[in-house]
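Welcome, and thanks for taking a look at this one with us. Please have the sequence and the model side by side as you read the short briefing below.

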Amino acid sequence: MKTGYFLPVSLNHRLVLLWGIIILSFERTLFYEFNKEGNWFLTILAIVSYIIFITLIWPHRFFIADDELHFTTFPRVRMKTIELKYITAVKTTKFGFGFSYAGKRYQFFTFGKSKEALATLHDTIEHSDKVSDLKAK
C-alpha cells in the first residue's frame, strides 16, 4: 500500500480560496477604514477567513491499495474510492497530478514522496492499458 498527501486543485476549491481572500480583504478594508480595533463583526470575519484558509491548505491523504485509489473528500468525513482500471487521461505535471474518472476531472497538487507514489500509479495505468490492448488483439 502506498500513501501520501495532496491538495485538491478543483474549480470548487479554487473558488472557495478566492472567496476567502475576498472576505479577508473586505475585513481588512473595513478595519482600516473605520479605525475600530475592538469591533466584534470584523474579528469574527477575520477568524472565519483564517479557518477557511487553514481548512483549504491542510493536506489531504490518499491511499493506493488493491488496484484502487482512496482519497479523502471535503470535509474529510469519508473516503472516495476509484478503481484504477477506469482512470483515463492521466497527466503528471511539475507540481501535480491529474486524471479523469467517470467523466470528472481530478487534479491534485502533490510534492515529495507523494508525487513519486502517484507517478508509479501513472506507470501502472499505462502498463495495464498496454496489456488490455494486447488482450484485445
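How many bridges join strand E2 to E3, and do the strands run parallel or antiparallel? Strand E2 (residues 60–65) is joined to E3 by four bridges, and the two run antiparallel. Keep in mind that this is a predicted model.

**Strand E3 and its partners**

- Strand E3 covers residues 68–72, and four of its five residues are buried, so the rest of the structure largely encloses this strand.
- On the E2 side, alanine 65 stands opposite glutamate 68 of E3.
- The hairpin of E2 and E3 has two residues between the strands, and in this hairpin aspartate 66 takes a positive phi near 55°.
- E3 is also joined to strand E4 (residues 79–83), by five bridges, and this pair runs antiparallel.
- Phenylalanine 71 has lysine 80, in E4, as its bridge partner.

**Aromatic rings**

- Phe71 turns up again here, forming one aromatic cluster with Phe97, Phe99, Tyr106 and Phe108.
- The count of aromatic pairs comes to five.
- One of them is phenylalanine 97 with phenylalanine 99: the ring centres are 6.0 Å apart and the planes lie at 55°, so this pair is tilted.
- Another joins phenylalanine 99 and phenylalanine 108, whose ring centres are 5.9 Å apart with planes at 65°, so this pair is edge-to-face.

**Burial of the rings**

- Phenylalanine 97 and phenylalanine 99 are both buried.
- For phenylalanine 99 the relative accessible area is 0%, while buried phenylalanine 108 has 7%.

Conventions: Residues are numbered from 1 along each chain as its sequence is written. This is a predicted model: local features need pLDDT of at least 70, side-chain atom pairs count only at pLDDT 80 or more; totals for chains, interfaces and linings use all residues. Side-chain values use heavy atoms; hydrogens and water are left out. Buried means under 20% relative accessible area, exposed over 50%, partly exposed in between (1.4 Å probe, protein chains only). Two strands pair if DSSP finds at least two bridges between them. Rings of Phe, Tyr and Trp (its six-membered ring) pair if their centres lie within 6.5 Å; planes under 30 degrees apart count as stacked, over 60 as edge-to-face and the rest as tilted.
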